[in-house]
Amino acid sequence: MLIKRPHDVLPSEITPQPIYARRREFVKAAAAGAILATVGCSDDTNSAPDVGRQKLPNVTKSRFSSIEEPTEYKHVTLYNNYYEFGTDKSEPALYAKRLRTQPWTVSVEGECLKPRTFGIEELLKRPLEERVYRLRCVEAWSMVIPWVGFELNALLREVEPTGKAKFVEFVTALQPDTMTGVRSPVLDWPYVEGLRMDEAMHPLTILAVGIFGEVLPNQNGAPVRLVVPWKYGFKSGKSIVKIRLVEKQPRTAWEKAAANEYGFYSNVNPDVDHPRWTQKTERRIPEFFSRRPTVIFNGYGDQVASLYAGMDLKKNF
Amino acid sequence: MQPRQKWISALKALLFVVALVPFARLAVAAVWFPGVLGANPAEFITRSLGDWCLRFLLITLAVTPLRRMTGWNWLLRLRRMLGLFAFFYGVVHFTSYLSFDHVFDAVAILKDVVKRPFITVGFTTLLLLVPLAVTSTNAMVRRLGAKNWRALHRLIYPIAALAVLHFWWMVKKDITEPAIYASILALLLGYRLVAYLREKRTLRWARAASGPPVTIRRD
């Protein structure tokens, strides 16, 4: 497979380095007037607490990273969809602290010759890469997140998938005592997602164990989650406990909830609207007025469009 | 209990200020402290204004049951302002959607209104509120005649139902909040239905008991 450098950012959009380096001064100057009028108030009121933040050692850069400026840490960690902890975006940051992430194992099983269970310590010891990816939520907002993780294909190769392994099913954690959200039947718990085998083996598909060079916060799917950057965010399951290689296309949690709204593929596609809202544009968090045009495959078309050659993307949404 | 005119005026002035607080709070936050509006300030503002439109619709609809249960007839004199605030929040909710979501792009807005049922419903709700706001003055009540005016303003019932439907269709999956609003609306409309049926029965009973017809005023 030919992997090209993404040309998703126009050279004209890139701020010259000297100006970029002084960005905080510009922001401060612009805010000065407002600050004078409103002494004693800053938007630090909703920044995430620093407790328990832990650096991940030996993280290397990746050529697959976007050169876009990552979304601020506080937005990435305070604006989450993790329905097991509540459907409001502020709830996961409040309640996911309860999630037990130790001990944690991920069992890889199904259509493979060497099924096995990986302890989280073992996964954290793997060579880790930083991947700065765009994340496009099906709700038409987006972020840029510096994930830390490794390619899923590395893990899958170790269990030696058989010829029958056509799909991969991801089963996520279900802890009814820590997850207040699972008391209501919003979705069919545990949350299950799936990929086609070639999608799972694609080098852009990673298992993430961190963000911003640090251990993954619980609300972002600790201790290990999937990240598939060219699909809507809900395809990237959080807090994964089981990876099953299967012959038949798995039925995902969102398909069971509303198959006409959330298809198995759910590739980012501005030409296929959600039945209730448009997917043509998106709001980059935390931008106010501007909406950006959404790009097919979330801008990763150069790398992944070939996976869907000849497929009707409107039918297989 | 009939408080004096002075007190009613003071109460109205107070209500006016209080009813503006949700709007003022958002405006101040948007201009000076966007941080408190979270990661998606545009969505926060649009939804909050929509919430307040729905709340004012329900508060307006609560006036009659409350007045009947307590006998506080002066409550009726606050109803117009409450209804106009529902309209106000509907208008700023719509404006917020126009400006943040579409930056006033007429084509995109039209497509949205036609293609998305929840937006169609929201837009219809706002359109239906317009004649009620326009005919809210004393002069208009006189011009239309009380009977016609009352008939027209019964539009508030389908309007409130459409507003709840708009919210219901907007949420992705968790319908807890729209269900709460729907239950309150069901209570408020249910009260009227029961009152209406009782009146009809009383009327029939009265007609049967004494010769001349009895009229009972409803509003």
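**Exercise 1. Is the crossing of α2(B) and α3(B) left-handed or right-handed?**

Before we start, a word on the model: it is predicted, local features need pLDDT of at least 70, side-chain atom pairs count only at pLDDT 80 or more, and totals for chains, interfaces and linings use all residues. Residues are numbered from 1 along each chain as its sequence is written, while chains are lettered from A and ligands numbered from 1 in the order in which they are written.

*Solution.*

Step 1. Find the two helices: α2 covers residues 41-70 of chain B, and α3 covers residues 76-102 of chain B. Helices (H or I, at least four residues) and strands (E, at least two) are DSSP runs, numbered from the N terminus.

Step 2. Look at how they pack: the angle is about 160° and the axes are 8 Å apart. Axes are lines fitted to C-alpha atoms, for helices over the stretch in contact, and angles run from 0 to 180 degrees between N-to-C directions.

Step 3. The angle therefore makes α2(B) roughly antiparallel to α3(B) (angles over 145 degrees count as such; under 35 is roughly parallel, 65 to 115 roughly perpendicular and the rest oblique).

Step 4. The crossing of the pair is left-handed: the near helix is turned anticlockwise from the far one by less than a right angle, whereas clockwise would be right-handed.

Step 5. Where α2(B) meets α3(B), the contact residues divide into 17 nonpolar, seven polar and two charged. Here Ala, Val, Leu, Ile, Met, Phe, Trp, Tyr, Cys and Pro count as nonpolar, Asp, Glu, Lys and Arg as charged, and the others, Gly among them, as polar.

**Exercise 2. Describe chain B as a whole, then its contact with chain A.**

*Solution.*

Step 1. Count the elements: chain B has nine helices and zero strands.

Step 2. Take its dimensions: the C-alpha trace of chain B spans about 70 × 45 × 35 Å along its principal axes.

Step 3. Of its 219 residues, 22% count as buried (20 or more other C-beta atoms within 10 Å of a residue's own; 12 or fewer is exposed, and in between is partly exposed, with C-beta atoms placed from the backbone).

Step 4. Turn to the partner chain: 19 residues from chain B and 24 residues from chain A take part in the contact, where two residues touch if their C-beta atoms, placed from the backbone, lie within 7 Å. The chain B side has 11 nonpolar, three polar and five charged residues.

**Exercise 3. Work out the strand order of the five-stranded open sheet in chain A.**

*Solution.*

Step 1. The order is β3-β2-β11-β6-β7, with mixed pairing; two strands pair if DSSP finds at least two bridges between them.

Step 2. β3 (116-119) and β7 (192-196) of chain A each have a single partner strand, so one side of each lacks a neighbour in the sheet. From one strand to the next, the twist averages 15°.

Step 3. Zoom in on β2 (residues 105-110) and β11 (residues 240-246) of chain A: they run parallel and are joined by four bridges. Within β11(A), A:R244 is the bridge partner of A:E109.

**Exercise 4. Compare the surroundings of A:N58 and A:F297.**

*Solution.*

Step 1. A:N58 has a positive phi of about 55° although it is not a glycine, and A:F297 likewise has a positive phi of about 55° without being a glycine.

Step 2. A:N58 counts as exposed, with 8 C-beta neighbours inside 10 Å, whereas A:F297 is buried, with 21 other C-beta atoms within 10 Å.
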